[in-house]
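Student: Could you take me through one part of this structure up close? I'd like to see a single strand and what sits around it.

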Amino acid sequence: MENEHDQGIPSILKLNVGGHYFTTSPQTLTKDPDSMLAIMFSGKYGMKRGEDGAIFIDRDGTHFRFILNYLRTGKITLPEGGTALKELMEEAEFYQIQGILDELKSLTDNLTIVKLNVGGHHFTTSLQTLTKDPNSKLAAMFAGEHINNGTFIIDRDGTHFRYILNYLRDGDASLPEEASAQKQLEAEAEFYEVNGLLMKLSIMSEIITNQEHTAKLLSFLPLLNSAGKRHHLRLLFRASRDGFFAKAFHSICDNQGPTVTIVQSGEYIFGGFTDKSWKNEGDFVRCSKAFLFSLVNPQGLQPVKMPINSEGKNYGICCYSEYGPTFGKGLYGGYALKIADHANVCTSDFGISDTYDFQQDFRTFFTGKTQFLVTDYEVFSLVN
């Protein structure tokens with residue numbers, strides 16, 4: 001390395017590792033005193049900076065964040081897949097980070113690498129990933145398998161198999177945005193019987209991220225047929241995306257058939273379902289299957305469904321153009337649940353109502369207050 005003694009080491013360092021940029025501190029880089037990084041950033045050697053001011057290290061930076069995170073916390077998070085682990089090991093050997101090398105050796109000694117050919121798409125993963133969901137078909141396919149250096153062939157379309165692998169690795173995954181791709185992925189998830197991913201595909205909500213809450217809400221909704229098949233939910237409206245205006249809600253959600261509305265106010269999650277279309281006609285609409293629900297509430301109670309009662313069916317929802325989704329008639333005026341226009345800055349409210357069956361006080365059960373601000377709300381239509 002070239003000596004550049006006139007350049008001191010600042011308290012914050014910008015690194016360019018093979019085109020990947022990182023910001024860290026000298027204390028982090030020198031935390032392992034026996035490492036190459038500690039020597040490089042000891043202050044004895046001047047480091048070359050590019051025109052952007054970043055110190056350049058001519059190494060592949062793909063996995064450098066794992067090295068930085070280990071130096072910061074002393075804990076190791078590792079990439080999935082045999083190839084990624086091998087690449088990280090090469091970098092840890094170059095930088096002489098013994099703690100990472102010891103962890104990788106322990107892990108790879110116990111990790112069984114599997115190569116797959118799924119309809120011509122090639123993947124490298126681990127037996128542990130493929131069997132992570134014990135109820136899936138993949139777990140059954142690879143249970144008790146003697147893995148050798150060959151490649152397993154699965155005669156399925158492998159276009160979207162990476163989403164299935166990523167879900168099994170992380171328990172969460174980014175999903176394709178196009179509806180046709182989601183449909184194809186769903187068919188594959190059904191074939192492999194990865195039920196957690198199927199639930200995630202059933203409701204693409206940014207409010208409900210908990211798998212148990214997703215399953216509970218889906219169980220509240222009416223079935224598609226007598227065979228027990230459920231509807232899919234198609235996102236129509238998201239206030240944080242489309243606007244918190246009542247006009248925006250009605251322009252997108254009116255005349256769309258049955259819908260479920262999911263509301264977030266701070267940490268609390270609740271909402272309602274209507275079996276009739278929203279309209280812009282300023283009156284109540286008769287509903288026979290509507291209900292309200294709470295998934296997260298101040299009392300810490302389990303998710304609960306509040307069905308419409310026989311006396312309240314004429315007042316299932318209210319379609320005033322000045323309001324967002326509004327459910328039930330209040331006993332003394334108002335509504336059971338009303339989402340206001342400009343709901344992120346104007347208060348929405350709960351009222352005393354006997355439209356929906358529930359033993360506790362509507363006004364404080366959902367958020368602890370009769371009035372609340374909406375953090376976000378989503379409206380989904382039910383599709384076959």
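Tutor: Let's look at one strand and its two neighbours. First, the ground rules: this is a predicted model, where local features need pLDDT of at least 70 and side-chain atom pairs count only at pLDDT 80 or more, while totals for chains, interfaces and linings use all residues. Numbering starts from 1 along each chain as its sequence is written, and side-chain values use heavy atoms, with hydrogens and water left out.

Our strand is S9, residues 268-274 (strands are DSSP runs of E with at least two residues, numbered from the N terminus). S9 is mostly covered, with seven of its seven residues buried; buried means under 20% relative accessible area, using a 1.4 Å probe and protein chains only. That goes for both faces: one side carries Tyr268, Phe270, Gly272 and Thr274, and the other has Ile269, Gly271 and Phe273.

Now for the neighbours. Strands count as paired if DSSP finds at least two bridges between them. S8, residues 259-265, runs antiparallel to S9, and seven bridges join the two. Across that pairing, valine 260 sits opposite phenylalanine 273 of S9. S8 and S9 form a hairpin with two residues between the strands, and there glycine 266 adopts a positive phi near 65°.

S9 also pairs with S11, residues 291-296, again in the antiparallel sense, over five bridges. Here phenylalanine 270 faces serine 294 in S11. So much for the pairing; put together, S9 has bridges to S8 and to S11, with both of its faces covered.

Definitions and conventions: Buried < 20%, exposed > 50% of the residue type's maximum accessible area, 1.4 Å probe, protein only. Helix = DSSP H or I, 4+ residues; strand = E, 2+ residues; numbered from the N terminus.
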